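Colleague: I should be grateful for a close look at one part of this model, namely a place where two helices pack together. Please also explain how that part relates to the nonpolar interior.

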Amino acid sequence: MANKRVRDLSYTIMFAAVAFVVFTYAKINIPVPGAGTVAIHVGNAVVVLAAWLLGPVYGGIAGAVGLSLADVLDPLYIASAPKTFFLKFMIGFIAGKTAEKMGLHETDDPKKITKICALSSIAGLGFNVIFEPIISYLYKRFLLGTSAEAASILSAWLGGVSAFNAVICVIVAALLYKALYKPFAQVHHA
């Protein structure tokens, strides 16, 4: 029992580190004049992958910690870290829980795996596409005191960029899962 917990925490830390590195070093920043910055990135694919491999809670924590830490250490995103923590945890939790309910770990059928990966990642990332702009508007407007106009502009950009990121992340996460789930299961359950 203790060994499993240590192993789960170790993998959670590893996925948090991967999410941090992917966002920190492989993103494309898009400045939004007068409103802030948004980024094209595949960090959310790491969150979804972690949720599939580790489960909804550990995967959500990995994404929340890794991507929030990336925000904290980047002057462009530091103010976004608290909302990032919540949103990334929810991506992982929703994607992981949906995959569990659909039986991701009970099948070896490639078509079923692809279907479950697609639907569960759409569920988690769809949450982000809907709630990232809403939470960002409320966060910027009422907690950070940003003007209504600037908060609205940033939210509009976030909606579009989040949707673009989601499409890319659905594909990337599914491809990574199909490549990694068998080797990971052998090591993780050894």
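Modeller: The following account begins with one pair of helices and then turns to the nonpolar cores. The model is predicted. Two packed helices are described by the angle between their axes and the distance between the axes. Here, helix 2, residues 43-54, packs against helix 4, residues 81-102, at an angle of about 40°, and their axes lie 8 Å apart. Angles from 65 to 115 degrees count as roughly perpendicular and those under 35 as roughly parallel; the angle of this pair therefore makes helix 2 oblique to helix 4. Their crossing is right-handed.

On the side of helix 2, the residues in contact are Asn-44, Val-47, Val-48, Ala-51 and Trp-52. They meet Lys-88, Ile-91, Gly-92, Ala-95, Gly-96 and Ala-99 of helix 4. By character, the residues of this contact comprise 7 nonpolar, 3 polar and 1 charged.

Trp-52 also belongs to the largest nonpolar core, which has 36 residues. Together with Phe-15, Leu-104 and Tyr-177, Trp-52 touches the most other members of that core. At least two residues of the core come from each of helix 1 (2-25), helix 2, helix 3 (56-72), helix 4, helix 5 (110-143) and helix 6 (148-188). Helix 2 provides the largest share, 9 residues.

Leu-104 links several of these names: apart from neighbours within four places in sequence, Leu-104 is in contact with Trp-52, Ala-99, Ile-113, Ile-116, Cys-117 and Tyr-177. A second core, separate from the one above, has 8 residues, among them Val-32, Ala-35, Leu-154 and Leu-158.

Definitions and conventions
Residues numbered from 1 in each chain as written. Predicted model: local features only at pLDDT ≥ 70, side-chain atom pairs only at ≥ 80, totals over all residues. Heavy atoms only, no water. Axes fitted to C-alpha atoms, helices over the stretch in contact; angles between N-to-C directions. Helix = DSSP H or I, 4+ residues; strand = E, 2+ residues; numbered from the N terminus. Parallel < 35°, antiparallel > 145°, perpendicular 65-115°, else oblique. Left-handed = near helix turned anticlockwise from the far one by under 90°. Contact = heavy atoms within 4.5 Å. Nonpolar A, V, L, I, M, F, W, Y, C, P; charged D, E, K, R; others polar. Core = buried A, V, L, I, M, F, W, Y, C linked by side-chain atoms within 4.5 Å. Buried < 20%, exposed > 50% of the residue type's maximum accessible area, 1.4 Å probe, protein only.
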